[in-house]
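Biologist: Please take a close look at the residues around the ligand, and then place that part in the context of the surrounding strands, helices and loops.

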Amino acid sequence: MLESTKSIPAKDFVLSVEGLTVSFDGFKAVNDLSLYVEEQEIRVIIGPNGAGKTTVLDLICGRTKATEGSIKFKGKELTKLNEHQIVHAGVGRKFQNPSIYEDLTVFENLELSFPRGRNVWGALFFRRDKEVVDKVKEIADMIFLGDKLDTSADLLSHGQKQWLEIGMLLIQDPELLMLDEPVAGMSVSERKQTADLLHRITKDRSVLVIEHDMQFVADIADRVTVLHQGKVLSEGSMDRVQSDPKVVEVYLGH
Ligand SMILES: Nc1ncnc2c1ncn2[C@@H]1O[C@H](COP(=O)(O)OP(=O)(O)OP(=O)(O)O)[C@@H](O)[C@H]1O
C-alpha cells in the first residue's frame, strides 16, 4: 500500500506559520515556530503553562506583532495586517471568557454579529430581513440554542454562553476559527456536544484550538501540536504525541 508522502499534502494548507518568533524584552515566548494547518482540519495545541499557546493565537489574530517569521493564511501574509483586516480575511478568534452582550437575547447577539457592519445603536432601527433571520436560526440550531432565541444571554449556562460566542463567530463564516479553551467550565455532556459541533463546522473551515482537557483533545483533534518553551516539542496524532517520551517527560515534570 502507498504511504502518503509528507512533501505532497493531501489537502491545501489554509495556514502556514514559518519561523515565527516573538520576543518580550529579550524573552522568546514563541521561538522559531512552524505550523501547517490543512483545510477542514481540527488542530489542537497543547503544552504546559507558559509554553506560548495563547501567544501563538495572539500572533495569528494580530493582537501581538511578530518579531520575526511569517504567517500565511490562504496565501495572504497576516503579519502585515492589523486585527480588523485579519478578521476580514476570514480568521475568527474566541477568547477564554465569553464576550457576549449579557442583556441582549440569543437572537440579538447573533444578529449583531451578522456581517453587515451594524453596531448596537444601528440595531435599534434595523429592519430584520429574511436572510438575517434564517441565518440566525440556522446558527442557533447548530449551537444547540434553537429553542433559546428569545432568552436573555445572562440567563444562559456558562457552556451555553460559550456556544453563543462560537455562534457569533460562525455567523461571520470564518475559514479559520481559533478557540482558546472552549470547554473550560463545561459539563461532560456539554463537552461532548461541543466536540460534535466542532466536527460539524469543519466541513467548511479549519479549527485551531488550545485545550488542556485531554479527553476532549482526543475527541476532536486530527492532529496535536505540543508546545514547550515557545517551540514545537512534538506533533502528530493524539496517540503519537501521548507516547512520545519527550512529551511524557515535560508533562510529568509539572
Ligand atoms: N505581552 C507579554 N509580555 C511579556 N511576556 C509575555 C507577554 N505575553 C506572554 N508572555 C509570556 O510568554 C510566555 C508564554 O505565555 P502564554 O500565555 O502564551 O502561554 P500559554 O502556553 O498560553 O500558557 P497557559 O496555559 O498558562 O495559558 C509566558 O512566560 C508569559 O509570561
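Modeller: The account below begins with the ligand shell and then turns to the sheet, a helix contact and two loop residues.

The model is a predicted one. Around the ligand stand Phe24, Ala29, Gly47, Asn49, Gly50, Ala51, Gly52, Lys53, Thr54 and Thr55. Sorted by class, this shell holds six polar residues, three nonpolar ones and one charged one. Helix α1, which spans residues 53-60, provides the largest share of the shell, namely three residues.

The sheet comes next. It is open and built from six strands in the order β6-β7-β8-β3-β9-β10, with mixed pairing. Its edges are formed by β6 (91-94) and β10 (231-236), each of which pairs on one side only. On average, and with direction ignored, neighbouring strands of the sheet are turned by 20 degrees against each other. At the β10 edge, strand β9 (residues 223-228) runs antiparallel to β10 and is joined to it by five bridges. Leucine 227 has valine 232, in β10, as its bridge partner.

Among the helices, α3 (residues 106-113) and α5 (residues 130-142) may be examined as a pair. Their axes come within 10 Å and cross at roughly 115 degrees, and the crossing of α3 past α5 is right-handed. On the α3 side the contact involves Val106, Phe107, Leu110 and Glu111, which meet Val132, Val136, Ile139 and Ala140 of α5. The residues of this contact comprise seven nonpolar and one charged, with no polar residue.

Two loop residues deserve separate mention for their backbone angles. Glutamine 40 has a phi near 70 degrees, a positive value in a residue other than glycine. This glutamine 40 is located in the loop between β2 (27-38) and β3 (42-46), and β3 is one of the strands of the sheet described above. Glutamine 40 counts as partly exposed because it has 15 C-beta neighbours inside 10 Å, a count that lies between the limit of 12 or fewer for exposed and that of 20 or more for buried.

Glutamate 181 also has a positive phi, near 45 degrees, and is likewise a residue other than glycine. Glutamate 181 sits in the loop between β7 (176-180) and α7 (188-201), and β7 too belongs to the sheet. With 20 C-beta neighbours inside 10 Å, glutamate 181 is therefore classed as buried.

How values were computed
Residues are numbered from 1 along each chain as its sequence is written. This is a predicted model: local features need pLDDT of at least 70, side-chain atom pairs count only at pLDDT 80 or more; totals for chains, interfaces and linings use all residues. A residue is near a molecule or strand if its C-beta atom, placed from the backbone, lies within 6 Å of it. Helices (H or I, at least four residues) and strands (E, at least two) are DSSP runs, numbered from the N terminus. Ala, Val, Leu, Ile, Met, Phe, Trp, Tyr, Cys and Pro count as nonpolar, Asp, Glu, Lys and Arg as charged, and the others, Gly among them, as polar. Two strands pair if DSSP finds at least two bridges between them. Axes are lines fitted to C-alpha atoms, for helices over the stretch in contact, and angles run from 0 to 180 degrees between N-to-C directions. A crossing is left-handed if the near helix is turned anticlockwise from the far one by less than a right angle, and right-handed if clockwise. Two residues are in contact if their C-beta atoms, placed from the backbone, lie within 7 Å.
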